[in-house]
Every structure is written in structure tokens, then in C-alpha cells.
There are 2 protein chains.
Amino acid sequence: MAEASHKPVPLLKDELDIVIPTIRNLDFLEMWRPFFQPYHLIIVQDGDPSKVIKVPEGFDYELYNRNDINRILGPKASCISFKDSACRCFGYMVSKKKYIYTIDDDCFVAKDPSGHDINALEQHIKNLLSSSTPYFFNTLYDPYREGADFVRGYPFSLREGVPTAVSHGLWLNIPDYDAPTQLVKPRERNTRYVDAVLTIPKGTLFPMCGMNLAFDRELIGPAMYFGLMGDGQPIGRYDDMWAGWCVKVITDHLGLGVKTGLPYIWHSKASNPFVNLKKEYKGIFWQEDIIPFFQNVTLPKDCTSVQKCYIELSKQVKEKLGPIDPYFTKLADAMVTWIEAWDELNTPSE
Amino acid sequence: MAEASHKPVPLLKDELDIVIPTIRNLDFLEMWRPFFQPYHLIIVQDGDPSKVIKVPEGFDYELYNRNDINRILGPKASCISFKDSACRCFGYMVSKKKYIYTIDDDCFVAKDPSGHDINALEQHIKNLLSSSTPYFFNTLYDPYREGADFVRGYPFSLREGVPTAVSHGLWLNIPDYDAPTQLVKPRERNTRYVDAVLTIPKGTLFPMCGMNLAFDRELIGPAMYFGLMGDGQPIGRYDDMWAGWCVKVITDHLGLGVKTGLPYIWHSKASNPFVNLKKEYKGIFWQEDIIPFFQNVTLPKDCTSVQKCYIELSKQVKEKLGPIDPYFTKLADAMVTWIEAWDELNTPSE
């Protein structure tokens, strides 16, 4: 039987960092105070480093601006994006904790259908601490939730599940649409609260959004690279997507799980669709080749660590996607630099 | 953009049959009257053919008992199970309609969270008439539902989707658990209403339950064989599972979709777990070999119709599962008989 998760959820306050990329004062933290105050925050300041970011009183945090990133990484700082929220992955690298939760500064506390504030972090922790079931679909969704289990016909040998590496949360109010969809449906709001968590099956890719995302650094951290976006790059708004595709093929290869669904946050405002279109249009085009590439990637058996998988993936990116545009060659090199920088700041996991 | 489904749902009353396997009077239809009365019912009477099954007044139906099945199919009647709800698939075969909805006679109308009666059939029709998205996961679930769409990062080339062959509905109250889970959690009730429909990704198997199930006969009918169960057979309660595994590999091969989630029905009572254990125990054991078999099945390119796929599958069942138990050789033969009988009663689709 699946173990019902009606035990109190551990806070993990000494094992989890909250990573926030920002260009403005962090007033949004006021609303999160009851849930975030016990945790350590890693704030990655994007844009002008001379600007002072105000953090509400009482939060324990460290803040890195571009000067800090350049100082800490030296020439390897080239792998960290500038003027794009992709810079957040620097926070993943400098954290020393087992778990990361990352959230955008335009995301607020959502309410569940009974009107209660949703403790998003608690739900992410639940998701990460219970197993995933990537090898067979359970029609009653997460079998480890209270009141649920594996249904008739679910093989018993698969009921232990696999460790969960990623918990992907969703958004009420402003949905995470691309620019064309934003333009066509400017008034669409997500009001549907779907009370489910589920494992994304092995072999299936998904669009991972970085707005409300938690992961186990020890299991998958080095693959959570948000790529080269923003200043000086031909695309934006594909940072989290890129990370998601890499993460999914690597978790599939290593026998780890990715969950999506609860928790919801309240996404307060849509970004400008015209600006977004400019950032996205090459991605929309390139994606038609990138997806088949990731769907067909296979990693050799001797790739037994995330780092090894990621380096192998960078080689295949260079070889297979490089011909599409010189950007991918640059990105493949940045993937290697990222791993070198990661290993410099962290004891390699192998 | 995905087309929102806020148009009125077509009733399809001349294109859909409701198939009900039963051994008792169909009083349960009273509760379904507002939703089912416009449709034609195909009642498959299991067990003693001399028993008279009462059908509430005002329903349009045809009823087949074992004598009818034997008369219509002759020696081929051997492929239709007796003393097991697997006999329902005879109803799929004699229907002349494009769509089938099948429901158990212990399933009642459920209520949604706002207290309204759920028109299960209407939701199944919505599911079947909108596309499926098996090649990439959409984190906001069915992108064709009103208020939803494809999220950022979903490849545009995949947004048309593929035709939906199967709509798998769920159950409130008594969940569809196997005997061991029933025994361990006798009091567990499903009270969680998950407001979602989603496509089961390509390459992923699922436990298909026959309690609340709709499908497109023209697209997948000949694969909806519920196998040999019950009287004279070593197992029971794997009829719908067997059909589901066969259906999923064939829909994957043919580029069709399978949806699961809404609608819910109210499943009124649990069957006896001790009786179920007796029926299931060989299945629980065999399943550990059956699942890897189905996970690894590949169908050759020249299998371009459901019938061809199914005959090919029967050969592989005989070859790969036959060595486990003589039952699978018998089942593989019955799969062929089923297709012969189907084609006798239906114009072959090729």
C-alpha cells in the first residue's frame, strides 16, 4: 500500500533555500512572511548592480548582484545570463542546501477553493519527500496522498516508486502562456483549481515553468541550468523550458521522478506580450527541432551522475542543434562552463 | 490557439449506445433517466439466461442473454466470457453506432463540488469530440477545455492534437482498488474531486477501468476485447485491464489518444475483497510479466488497422506470454476469434 502522507510535513528549514531573481524591492515577501520567514533566502539581483534592492525586515537572506557573480565565478560568469530571470540559477549554484524552492517576485499567496491561504512551500516539500511513479500511470493521481492509493491493475513491483527530484507547481490568475497565446487571449485567467499532483511519465517531455518550482539539489541540481538568455542572446523566456527538457531526459535516465500539479501560487500580472514575442520568436521556431532532439536523446549507461549526463548532453546539443544556429554551439559551451563552475563551488557528487 | 469547448455538447443520441452488463434488475437507471433516456441501451445479461431482468419503463433497449450470444456467434461465442462483467464486450460488437459508453449497474450519478448532478455522458462526449495530446505534456491539463490552453513552451506543431479514441472516467466514493488494497484499507473512500481531463502520454500504460468508460468504436472498437474471465478461467477482474493495455499500445501505434479524468460517477458499493482476491491472485502475479511485455511491444508499420494490430498482438501474446501459462495461449486464440466475430458482425474498417 502507498504510505499515506498524513504525518506532519517537516519544515526542512535548515535544508532548503528559497531562490528569488529580482530587479525590484521585494515587497511581495510581506504576503509570504508566514510561510517563508523560517527559511534562508538567496536573492539574485538582475540588471543594474548599483541599484539597492529593499528586503522587508526579519528575513534571513544573502543577495548577489552582477558584480558579485563576476567576482565569484570570474571568467566562468559568462554562463550566467544577464537581464533575464535565467540568472536565478546562480542561486542554485551557491546554495549549500539539499532543496531549492524558486519563485518569481510577481507571485503571491493563492487561496484554495475553501478560501484558505495555500502554503505552497509545504506542498512542494510533500511532493519532494514522497516518491514518484514514472513507469505506469495511476488514474487517481498521486498514490501517496492521503485518501488515495494505487488502483486495481497497478503492478505491485512498481508501487515503491522512485525518488522525486522535481516538484513543478502551477499558477492561478495569469496562466503561463507564450506571447502568441497572450495576444489572442489577453483576458484569459486560470480559475480552475485542480486538486492533483501527478508524476510526468518516463519518456514524456513537459514545459517546466520556473515561476513556482522546487527541486532536490543533490539529486538534480547540476542539470538545473537556465541557459543563455536575455542580454546579448538571441532569445529569452526559454530558460526554464531549456532546463526542463534537460532535467527530464536526465531524471528519466537516472530513474528519478518529476511531479507537477499542486501547489498553486497567484500570478499577479502578465508580462508584456509584445516584448515577449520579440524574446520568444526564435525559440518558437527553433523549438520545433529542439523537441524532437530531446525526445530522441539517449544517454550512455556510463553516465551515472548528473554531471556526466549533462556534459554528454552538451556534446549532443553541439552536434545536433549546433547546425541550426551558432547560438546552440555557444549554449553547449556554456553548459560545460556551468558544470565546471558548479563543481568549483560544490563538492562533486561522484 | 486551442478551441475552447463552450459550444453546446452534441447529444449524439443516434450515434452512441450505452452498454450495461448486469445480473439484476436495472433500477439504477432511474437515477440516470434524465441523462440516459434519449439513448439506446444494449444490456448484456450475465449468468442464468432464464432470469428475467426488469428494465424501468421508457428506456429504449435491446437485451442479450447467454442463449442469444451463443445463437448469434455460434462456436465463436467461446470468446465471450461468462459469469464475469467481461461479457459486456459482446455489446460493443453488436452495436452499430460510432460511440459506446459503458457503465456498471452499481454506479450512480455523482455530484460536483457545487452540488450539481454530473452528466457523465456529456463529459465523455466532450472528451471524445476534442483532440488528445499524447506527444507532449500540458501542465494545465486538457488544453481544449474552456479557460485553458497550451502553456508557454508547448510546440506549436503539436497543438492540433490527435483524434481521441478513449475517454476514461473516474469514481467517487468506492475507489477501484484491488483486493489486497481493499483488505488493508476497507474504509477508504475517494472524496477528492479532481477537476481535470488529461491525455495519457504516448508510451505510458494505465489501468483502464470498465466501470465508466467511453470510446469511439470506429477508431478503436475491435481492440476493446475484455478477454477470457470468470467461468472456467483462472482469473477475473483483469478484463478491463487487459483491454486497456491492448488499447493503449494500439492507439499509440495508430496515433490516437486516450484521455482520463472527468467525469466522475458515484460508485456505490465495494465488491467482496475475499472473492476478489481469489479472482485476482494469478493476475497480480502474472501482471509482473504482462506489463513489461506490453511496455516493449512494437507493432510493424504495415499494421494500419485496429484489426491488423490486434491480430499481430495476439501472435506476440501467444509467443511471449504463452510460456507463462497455457491460459495465455487460449487467450491469444480467443483474441483471434474475437476479431473474426467482430468482422462477421461489422463491415471491416479496411
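In this predicted model, helices α7(B) and α8(B) run roughly parallel to each other, because the angle between them is about 15° and angles under 35 degrees count as roughly parallel. Helix α8 of chain B covers residues 273–296, and its axis sits 10 Å from that of α7(B). The two helices cross in a right-handed sense. On the α7(B) side, the residues that meet the partner helix are B:W242, B:W245, B:C246 and B:V249. Across from them, α8(B) brings in B:Q287, B:I290, B:I291 and B:F294.

Helix α7 of chain B spans residues 239–254, and B:H253 is part of it. This histidine counts as partly exposed, with a relative accessibility of 28%. Setting aside neighbours within four places in sequence, B:H253 touches B:L299, B:P300, B:K301, B:C303 and B:C309. Another histidine, B:H40, is a long way off by either count: 213 residues separate B:H253 and B:H40 in sequence, and their C-alpha atoms are 32 Å apart in space.

Over in chain A, the helix pairs show other arrangements. Helix α8 of this chain (residues 273–296) packs against α9(A) at about 135°, with 11 Å between the axes. Those two helices are therefore oblique to each other, and α8(A) passes α9(A) in a right-handed crossing. From α8(A), the contact draws on A:D289, A:I290, A:F293 and A:F294. Facing them in α9(A) are A:L313, A:Q316, A:V317, A:K320 and A:L321.

Helix α9 of chain A (residues 306–321) also packs against helix α10 (residues 326–345), this time at an angle of about 165° and with the axes 8 Å apart. That angle makes α9(A) roughly antiparallel to α10(A), since the cut-off for this label is anything over 145 degrees. The contact takes in a good string of residues from α9(A): A:Q307, A:Y310, A:I311, A:L313, A:S314, A:V317, A:K318 and A:L321. The α10(A) side supplies, among others, A:F328, A:T329, A:A332, A:W338 and A:W342. Here the crossing is left-handed. A:L313, A:V317 and A:L321 of α9(A) turn up in the contact with α8(A) and also in the contact with α10(A).

How do the two chains relate to one another? A rotation of 180°, with 0.0 Å of shift along its axis, lays chain A onto chain B with an RMSD of 0.0 Å. That is the relation of a two-fold axis. The same surface serves both copies, with 100% of the contact residues of chain A recurring in chain B. Within chain A, the residue that comes closest to the rotation axis is A:V194, whose C-alpha lies 2.8 Å from it.

A few backbone details are worth a look. In chain A, the peptide bond from A:L262 to A:P263 is cis, with omega near 5°. A:P263 belongs to strand β9, which covers residues 257–267 of that chain. In chain B, the bond from B:L262 to B:P263 is likewise cis, with omega near 5°, and B:P263 is found in strand β9 of chain B, residues 257–267.

A leucine towards the start of each chain also stands out. A:L12 has a positive phi of about 55° although it is not a glycine. This residue is in the segment before β1 (16–22) of chain A, and at 12% relative accessibility it counts as buried. In chain B, phi of B:L12 is near 55°, again a positive value in a residue other than glycine. B:L12 lies in the segment before β1 (16–22) of chain B and is buried too, with a relative accessible area of 13%.

Finally, what about disulfides? Searching the whole structure gives 0 of them over all chains. Take A:C107, which is in no disulfide: the nearest cysteine sulfur belongs to A:C209 and is 7.7 Å away, whereas a disulfide needs sulfur atoms within 2.5 Å. A:C107 is buried, with a relative accessible area of 0%. B:C79 is in no disulfide either, and its nearest cysteine sulfur, that of B:C89, is 6.8 Å away. B:C79 is buried as well, at a relative accessible area of 0%.

Methods
Residues numbered from 1 in each chain as written. Chains lettered and ligands numbered in written order. Predicted model: local features only at pLDDT ≥ 70, side-chain atom pairs only at ≥ 80, totals over all residues. Heavy atoms only, no water. Helix = DSSP H or I, 4+ residues; strand = E, 2+ residues; numbered from the N terminus. Buried < 20%, exposed > 50% of the residue type's maximum accessible area, 1.4 Å probe, protein only. Least-squares fit on C-alpha atoms with pLDDT ≥ 70 in both. Contact = heavy atoms within 4.5 Å. Axes fitted to C-alpha atoms, helices over the stretch in contact; angles between N-to-C directions. Parallel < 35°, antiparallel > 145°, perpendicular 65-115°, else oblique. Left-handed = near helix turned anticlockwise from the far one by under 90°.
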